[in-house]
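Trainee: I would like to learn how to read a structure like this one. Where should we begin?

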Amino acid sequence: MLYVNLQQIEALLQFIPRVTELAGNVLNTWSEGDVVLQAAIERAVHLALETVTDIGSLLIDGFILRDAGSYEDIIRILQEEGVVEQEQADYLIRLVRLRKPLVQGYLTVDHKELLDVAQGFRNELLIFSRNVRIFIARELGETP
């Protein structure tokens, strides 16, 4: 049998609502030019994309046994294996594409883009969590 770190996946899934709440608080109080809010949205988006890709990597390592060459590949594999639908995969790819600007291009981050992506957190990340749990249950032969 394959080894799947279900505890780590569940811990990451339980972290998603915190990231969603953080992003929601920033969106509700956004003020152009507020450096604290800019840093907060940068951190929220970064945490969201790292959480999604960490979960994806754990699923791929435990169930799918393929190598992902990039963050986008992680999402593509999840879509190909039925963890997420195409529309959600498109959103998640948009999310993970923000990693490079956040990590390497932090001097010129487009905060409007971050805000736009973060507005989808409540819906997209919670659906992602549900889909991951359904996938795990299906792979383990359990009822979701």
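Mentor: Begin with how charges are counted: Lys and Arg are taken as positive, Asp and Glu as negative, while His and the chain ends are left out. Keep in mind throughout that this is a predicted model.

Trainee: How many positive and negative side chains does the protein have, and how far apart do the centres of the two sets lie?

Mentor: There are 13 positive and 22 negative side chains. The centres of the two sets lie 2 Å apart.

Trainee: Next, the fold. How many helices and strands does the protein have?

Mentor: The count is 7 helices and 0 strands. Read from the N terminus, the order of elements is α-α-α-α-α-α-α. The radius of gyration is 15 Å, close to the 15 Å that the globule rule gives for 144 residues, so the protein is as compact as a globular protein of that length.

Trainee: What box do the C-alpha atoms fill?

Mentor: Along the principal axes, the box is roughly 50 × 30 × 25 Å.

Trainee: What does the exposed surface consist of?

Mentor: About 8100 Å² is exposed, and carbon and sulfur atoms supply 49% of that area. As for the interior, 44% of the 144 residues count as buried.

Trainee: How should I read contacts along the sequence?

Mentor: Take contacts between residues at least 6 apart in sequence, and ask what share of them spans a long stretch of chain. In this protein, 67% of those contacts join residues at least 24 apart.

Trainee: Which residues have the most contacts inside the largest nonpolar core?

Mentor: The general idea comes before the case. In soluble globular proteins, nonpolar side chains tend to be buried together. Here the largest nonpolar core has 48 residues, and those with the most contacts inside it are Val 45, Leu 59, Leu 95 and Phe 121. The elements that give two or more residues to this core are H1 (6–29), H2 (35–64), H3 (71–80), H4 (86–96), H6 (111–118) and H7 (121–139). H2 supplies the largest share, 15 residues.

Trainee: What does Leu 59 contact beyond its neighbours within four places in sequence?

Mentor: With those neighbours set aside, Leu 59 is in contact with Ile 9, Ile 64, Leu 78, Val 83, Val 132, Phe 135 and Ile 136.

Trainee: Let us take single residues. Is Ile 16 buried or exposed?

Mentor: The cut-off for buried is under 20% relative accessible area. Ile 16, in helix H1, has 2% relative accessibility and therefore counts as buried. Apart from neighbours within four places, Ile 16 is in contact with Thr 51, Ile 55, Leu 125, Leu 126, Phe 128 and Ser 129. Thr 51 is 35 residues from Ile 16 in sequence, yet their C-alpha atoms are 7.4 Å apart.

Trainee: Ser 129 is on that list. Where is Ser 129 found, and what does Ser 129 touch outside its sequence neighbourhood?

Mentor: Ser 129 is in helix H7. Its relative accessible area is 5%, so Ser 129 is buried. Not counting residues up to four places away, Ser 129 touches Leu 13 and Ile 16.

Trainee: Is His 111 buried or exposed?

Mentor: His 111 is in helix H6 and, at 14% relative accessibility, counts as buried. Beyond residues up to four places away, His 111 touches Trp 30, Gln 38, Ile 41 and Glu 42.

Trainee: What about residues that are partly exposed?

Mentor: That class runs between the buried limit of 20% and the exposed limit of 50%. Arg 138, in helix H7, falls there with 43% relative accessibility. Outside the four-place window, Arg 138 is in contact with Glu 81 and Gly 82. Glu 124 is 14 residues away from Arg 138 in sequence and 21 Å away, C-alpha to C-alpha.

Trainee: Where is Ala 68 found?

Mentor: Ala 68 is in the loop between H2 and H3 and is partly exposed at 33%. Leaving aside neighbours within four places, Ala 68 is in contact with Ile 60, Asp 73, Ile 74 and Ile 77. The C-alpha atoms of Ala 68 and Ser 57 are separated by 8.0 Å, with the two positions 11 residues apart along the chain counted as their separation.

Trainee: And Ser 57: which helix holds Ser 57?

Mentor: Ser 57 lies in H2 and is partly exposed at 27% relative accessibility. Asp 67 is 10 residues from Ser 57 along the chain, and their C-alpha atoms are separated by 9.0 Å.

Methods: Residues are numbered from 1 along each chain as its sequence is written. This is a predicted model: local features need pLDDT of at least 70, side-chain atom pairs count only at pLDDT 80 or more; totals for chains, interfaces and linings use all residues. Side-chain values use heavy atoms; hydrogens and water are left out. A nonpolar core is a set of buried Ala, Val, Leu, Ile, Met, Phe, Trp, Tyr and Cys residues joined through side-chain atoms within 4.5 Å. Buried means under 20% relative accessible area, exposed over 50%, partly exposed in between (1.4 Å probe, protein chains only). Helices (H or I, at least four residues) and strands (E, at least two) are DSSP runs, numbered from the N terminus. Contact means heavy atoms within 4.5 Å. The radius of gyration is taken over C-alpha atoms; the globule rule is 2.2 Å times the number of residues to the power 0.38. Accessible areas come from the Shrake-Rupley method with a 1.4 Å probe; for residues, only the protein chains shown count as cover. The place of a charge is taken as NZ of Lys, CZ of Arg, CG of Asp or CD of Glu.
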